[in-house]
Amino acid sequence: MTGAEFKAAWQRTVWVVTENTYPPGHGGLNFGSTVEVRFSTFSAYAAWGGAAGLTFLLLHEMAHNTPYAQSAYANLWQGYLQNPASGVWGPSNQYFVSNEQNANEVARTIAGAFGWIIPSTLPTHGYPGP
Ligand SMILES: [Zn+2]
């Protein structure tokens, strides 16, 4: 995905700050062209890293919609379906956590490419790898 493609995708994305409730571990829901985020989620990212935390949240959600993350998600979802013992899709599920870590990694990569500052401490679920 090029920077121009990323910007085009971002331009098409509608952000909705809500008070809706979501499944455990979800601070909102990402529908691709529309991203719903709870106000409390924005507040938590602001408390985590100020403007850098909010930058990370925006990039994390955009990251979920990149071709790389979508492809990785498709594989993780298949693994999840084939492994019911992994538990409910949420913060205690290894496939869910891997999906979030992937989005964090893409967000970190995009931030680096743009020269944007993100928090130096680990985001929720951290990054892939040890
Ligand atoms: Zn996420």
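Two residues are in contact here if their C-beta atoms, placed from the backbone, lie within 7 Å. Keep that in mind as you move through this predicted model, beginning with L59, which touches A107, I110 and A111 once residues up to four places away in sequence are left out of the count.

**Stop one: two helices that cross**

Select residues 39–64, which make up helix α2, together with residues 94–114, which make up helix α4, and look at how they pack at an angle of about 115 degrees with their axes 8 Å apart. The crossing of this pair, α2 and α4, is right-handed. To see the contact itself, show the side chains of T55, F56, L59, H60, A63 and H64 in α2, and then those of A103, N104, V106, A107, I110 and A111 in α4, which they meet. Sorted by class, the residues of this contact are eight nonpolar, four polar and no charged ones.

**Stop two: the nonpolar core**

Now colour F56, L59, A63, V106 and A107, for among the 18 residues of the largest nonpolar core these are the ones that touch the most other members. Helices α2, α3 (67–82) and α4 each supply at least two residues of this core, and α2 gives the most, with seven residues.

**Stop three: the sheet**

Turn next to the strands, three of which form an open sheet in the order β1-β3-β2, with mixed pairing. At the edges stand β1 (14–18) and β2 (28–30), and each has a single partner strand, so one side of each is left without a neighbour in the sheet. Direction ignored, neighbouring strands of this sheet are turned by 20 degrees against each other on average.

Select β1 and β3 as a pair, and you will find that they run parallel and are joined by five bridges; on this side of the sheet, V14 stands opposite T34 in β3. Then select β2 with β3 (residues 34–38), which pair in the antiparallel sense over three bridges. Within this second pairing, L29 stands opposite E36 in β3, while the bridge partner of N30 in β3 is V35. Where β2 and β3 form a hairpin, three residues lie between the strands, and G32 takes a positive phi near 90 degrees.

Bring helix α2 back into the view, since α2 lies across β1, β2 and β3 and runs at about 160 degrees to β3. Which residues of β3 are on the covered face, and which on the uncovered one? The covered face holds V35 and V37, whereas T34, E36 and R38 belong to the uncovered face.

Stay with V37, a residue of strand β3, and ask whether V37 is buried or exposed. A residue is called buried if 20 or more other C-beta atoms lie within 10 Å of its own, and V37, with 22 C-beta neighbours inside 10 Å, therefore counts as buried. Leaving out residues up to four places away in sequence, V37 touches W15, V17, G27, G28 and F42. If you draw a distance from V37 to V16, the two are 6.2 Å apart, C-alpha to C-alpha, although 21 residues apart in sequence.

**Stop four: along helix α4**

Return to helix α4 and select N102, which is placed in this helix. N102 counts as buried because 22 C-beta neighbours lie inside 10 Å. Its contacts, residues up to four places away in sequence not counted, are A69, A72 and P128. A distance drawn from N102 to G129 joins two residues that are 27 apart in sequence and 9.9 Å apart in space, C-alpha to C-alpha.

E100 is also found in helix α4, and E100 counts as buried because it has 21 C-beta neighbours inside 10 Å. Leaving aside its neighbours within four places in sequence, E100 is in contact with T124 and H125. In the direction of T13, by contrast, the C-alpha atoms of E100 and T13 are separated by 19 Å, with their positions 87 residues apart along the chain.

**Last stop: H125**

Follow the contact from E100 to H125, which lies in the segment after α4. The backbone deserves a look here, as H125 has a positive phi of about 75 degrees although it is not a glycine. With 18 other C-beta atoms within 10 Å, H125 is partly exposed.

Conventions: Residues numbered from 1 in each chain as written. Predicted model: local features only at pLDDT ≥ 70, side-chain atom pairs only at ≥ 80, totals over all residues. Axes fitted to C-alpha atoms, helices over the stretch in contact; angles between N-to-C directions. Helix = DSSP H or I, 4+ residues; strand = E, 2+ residues; numbered from the N terminus. Left-handed = near helix turned anticlockwise from the far one by under 90°. Nonpolar A, V, L, I, M, F, W, Y, C, P; charged D, E, K, R; others polar. Buried ≥ 20, exposed ≤ 12 C-beta atoms within 10 Å, placed from the backbone. Core = buried A, V, L, I, M, F, W, Y, C linked by C-beta atoms within 7 Å. Pairing = 2+ DSSP bridges.
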